[in-house]
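Work through these exercises with the sequence and the model side by side. Try each task before reading its solution.

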Amino acid sequence: MPSHDHDHDQQIDPTVSCEKCDAVCCRLTVVVMPDDEVPRHLIERSDMGLEVMARGEDGWCIALDHNRMCCGIYEQRPAICRKFAMGSAYCRDEREQYRHRYDREIPLLLR
Ligand code: SF4
Ligand code: SF4
């Protein structure tokens with residue numbers, strides 16, 4: 001039976017691993033919900049007035065531990081981050097986009 005796009009989106013690719021990833025999902029806009037227990041100094045207000053995780057000039061979430069490339073507030077991370085599944089369609093899309101951006105940037109860096 002042919003699989004539907006919906007099924008495909010639900011599939012987890014088991015070959016994807018956070019350990020071999022530059023934590024690219026931590027470059028997305030992360031909305032902080034009222035029940036989240038994120039330290040306040042890590043939150044900023046978006047142009048649309050939403051509370052979001054602040055991001056550094058490099059584009060990564062301010063809470064990222066750059067030495068280990070993983071969440072520096074793991075126990076207090078927002079609900080959205082908890083739901084983001086490794087190997088999911090969202091994860092794979094973000095990795096793909098990041099890879100394209102990176103590929104394009106290499107020649108610029110070598111100039
Ligand atoms: S969830 Fe996906 S995008 Fe995020 S760090 Fe893991 S492998 Fe990378
Ligand atoms: S709070 Fe943690 S998991 Fe969520 S985007 Fe920031 S560094 Fe990543």
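**Exercise 1. Which residues form the largest nonpolar core?**

Solution. Start with the term: a nonpolar core is a set of buried Ala, Val, Leu, Ile, Met, Phe, Trp, Tyr and Cys residues joined through C-beta atoms within 7 Å. A residue is buried if 20 or more other C-beta atoms lie within 10 Å of its own, exposed if 12 or fewer, and partly exposed in between, with C-beta atoms placed from the backbone. Now list the members. The largest core has 11 residues: Val24, Cys25, Cys26, Val30, Val32, Val38, Met53, Cys61, Ala63, Leu64 and Cys81. Buried residues make up 12% of the 111 residues in the chain.

This is a predicted model: local features need pLDDT of at least 70, side-chain atom pairs count only at pLDDT 80 or more, and totals for chains, interfaces and linings use all residues. Residues are numbered from 1 along each chain as its sequence is written, while chains are lettered from A and ligands numbered from 1 in the order in which they are written.

**Exercise 2. Describe the order of helices and strands along the chain.**

Solution. Helices (H or I, at least four residues) and strands (E, at least two) are DSSP runs, numbered from the N terminus. The chain has three helices and four strands. Their order along the sequence is α-β-β-β-β-α-α.

**Exercise 3. Is Pro78 buried or exposed? Find its contacts too.**

Solution. First, locate Pro78: the loop between strand E4 (70–71) and helix H2 (79–83). Next, count. Pro78 is buried because it has 25 C-beta neighbours inside 10 Å. Then look for contacts, meaning C-beta atoms, placed from the backbone, within 7 Å. Setting aside residues up to four places away in sequence, Pro78 touches Val30, Val32, Met33, Asp36, Val38 and Met53. Take Met53: Pro78 is 25 residues from Met53 in sequence, and their C-alpha atoms are 8.7 Å apart. For the chain, residues 24 or more positions apart account for 54% of the contacts with a separation of 6 or more.

**Exercise 4. Which residues surround ligand 2, and which surround ligand 1?**

Solution. A residue is near a molecule if its C-beta atom, placed from the backbone, lies within 6 Å of it. Around ligand 2 sit Cys26, Val30, Met53, Cys61, Ala63, Leu64, Cys71, Ile73, Arg77, Pro78 and Cys81. For classes, Ala, Val, Leu, Ile, Met, Phe, Trp, Tyr, Cys and Pro count as nonpolar, Asp, Glu, Lys and Arg as charged, and the others, Gly among them, as polar. The ligand 2 shell has 10 nonpolar, no polar and one charged residues. Cys81 contacts Val30 and Cys71, leaving aside neighbours within four places in sequence.

Ligand 1 has Val16, Cys18, Cys21, Ala23, Val24, Cys25, Phe84, Met86, Cys91, Glu94 and Arg95 around it. Its shell has nine nonpolar, no polar and two charged residues.

**Exercise 5. Examine the phi angle and surroundings of Ala23 and Met69.**

Solution. Ala23 has phi near 50 degrees, a positive value in a residue other than glycine. Ala23 lies in the loop between helix H1 (5–10) and strand E1 (43–45). With 17 C-beta neighbours inside 10 Å, Ala23 is partly exposed. Met69 also has a positive phi, near 50 degrees. Its loop runs between strand E3 (64–65) and E4. Met69 is partly exposed, because 15 other C-beta atoms lie within 10 Å.

Technical notes:
Contact = placed C-beta atoms within 7 Å.
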